[in-house]
Amino acid sequence: HALRELIEGKERVVVMGHSIGDADSFGASVGIYRIAKALNRKAHIVVDEVNASVRPLKERFYTNDYDDDMLVSGEEAVRLVDETTLLVIVDVNKGEHTECPELIELAQSIVVIDHHRQAGDAIAKAVLFYIEPYASSASEMVAEICQYIGGGLKLRAAEAEALYAGVMIDTNYFTDKTGVRTFEVMAYLKRNGADSVRIRKMFREDINEYKIQAEAIQNTELYLDHYAITESESRGVETPTVLGAKIANSLLNIEQVKASFVLTKYNGKVFVSARSIDELNVQLMMEKLGGGGHINMAGAQIPGLDVESAKAQIRALIDAMIANGDAD
């Protein structure tokens with residue numbers, strides 16, 4: 001109800017997610033766009049660079065069914081945001097990690113909808129925070145709002161599929177962080193035209209990336225017999241950090257692996273994708289490296305180190321977790 005009042009009190013809604021948007025960030029943005037349109041407000045989604053997997057979803061909105069200015073760049077959005085605009089931020093609550101941080105300074109009314117734990121440096125100007133760390137994804141949260149916002153809202157198939165894909169990817173194909181609410185949302189999206197076969201085809205992998213993934217798994221070190229640590233190659237890969245996350249998810253399928261850590265050297269930093277099932281809090285570990293995330297899914301960016309040094313830090317953190325009784 002608070003979100004509806006805020007939207008109806010403004011002439012325009014601008015929605016953005018985090019930089020290099022993923023399926024969840026894009027899906028949640030599309031959901032907010034449809035809510036705004038259902039309430040008869042002009043709406044725009046701020047999209048600059050997205051990871052490769054999002055492009056098939058994004059391309060579906062360049063049709064006559066949608067306004068030419070539905071998707072705008074950060075530069076264009078700067079000219080749109082004023083006192084008559086509501087800025088909605090999804091799937092992130094740190095200003096510097098958003099698609100266009102400049103918009104936060106320009107907007108007078110901001111809403112944050114996120115499933116990550118609220119950070120100490122979260123967006124202070126927000127008039128409404130909806131933070132639900134137990135939700136599977138921002139897309140799940142927005143799809144729930146769609147059902148109760150009113151205004152005669154009916155999702156189109158492309159919109160339902162964008163939200164469906166957001167939940168699917170953030171839950172690793174419905175294996176992580178899923179609850180009753182997750183599957184109720186999926187049923188709602190199916191009723192609104194989401195086609196799971198078409199979505200699966202969108203997310204098939206490039207053969208070269210598949211080979212890199214196989215090589216990373218082949219070279220995996222099992223530290224203390226239970227902690228999988230490996231490096232993923234970034235050369236020749238369009239979105240190396242996304243590939244690292246996929247490899248980390250795959251390593252959890254190995255028997256007796258309690259947690260996985262995939263390190264990728266990219267743009268002068270070592271990116272770490274950390275995953276676990278239920279025996280290690282990787283969020284705590286990644287926070288010690290300046291990152292964060294969820295108990296079972298987290299990450300960090302480590303500047304100024306090579307991969308081997310970063311691996312040594314991971315091993316030391318595992319040792320510390322075991323010594324403190326936080327891991328077996």
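## A tour from T239 to the cores

Start by selecting T239: you'll find it in the loop that links β8 (227–231) to α11 (240–251). Keep in mind as you go that this is a predicted model. Is T239 buried or exposed? It's buried, because its relative accessible area is 12%, and the cut-off for buried is under 20%. Now show what surrounds T239: setting aside residues up to four places away in sequence, it touches N51 and A52.

Next stop, helix α6 (residues 138–148), where you should pick out S139. This serine has a relative accessible area of 0%, so it counts as buried. Which residues is S139 in contact with, once neighbours within four places in sequence are left aside? Select A23, D24, G27 and A28, then add L163, G166 and V167. If you want a distance to draw, try S139 to I45: C-alpha to C-alpha they sit 15 Å apart in space, with their positions 94 residues apart in sequence.

Now for the greasy part. The largest nonpolar core has 55 residues, and the members that touch the most others are I32, I35, F61, V88, I113 and L189. Colour helix α2 (residues 23–38) while you're there: it gives this core its largest share, 9 residues. Then zoom in on V88. Ignoring neighbours within four places in sequence, V88 is in contact with V13, V14, V15 and M16, as well as I32, V111 and I113. There's also a second core, separate from that one, made up of 24 residues; A274, A298, I318 and M321 are among them.

Time to zoom out and look at the whole chain. How many helices and strands does it have? There are 13 helices and 12 strands. Along the principal axes, the C-alpha atoms fill a box of roughly 60 × 40 × 40 Å. The radius of gyration is 20 Å, which agrees with the value near 20 Å that a compact globule of 328 residues would have.

Switch on a surface for the next view. The chain exposes about 14,800 Å², and 47% of that is supplied by carbon and sulfur atoms. Of the 328 residues, 52% count as buried. If you'd rather draw contacts, take those between residues at least 6 apart in sequence: 67% of them join residues at least 24 apart.

Last, colour by charge. The chain has 34 positive and 50 negative charges, and the mean positions of the two sets are 5 Å apart.

Key. Residues numbered from 1 in each chain as written. Predicted model: local features only at pLDDT ≥ 70, side-chain atom pairs only at ≥ 80, totals over all residues. Heavy atoms only, no water. Core = buried A, V, L, I, M, F, W, Y, C linked by side-chain atoms within 4.5 Å. Buried < 20%, exposed > 50% of the residue type's maximum accessible area, 1.4 Å probe, protein only. Helix = DSSP H or I, 4+ residues; strand = E, 2+ residues; numbered from the N terminus. Contact = heavy atoms within 4.5 Å. Rg over C-alpha atoms; globule rule 2.2 N^0.38 Å. Areas by Shrake-Rupley, 256 points an atom, 1.4 Å probe, with all protein chains shown as cover. Lys, Arg positive; Asp, Glu negative; His and termini not counted. Charge placed at Lys NZ, Arg CZ, Asp CG, Glu CD.
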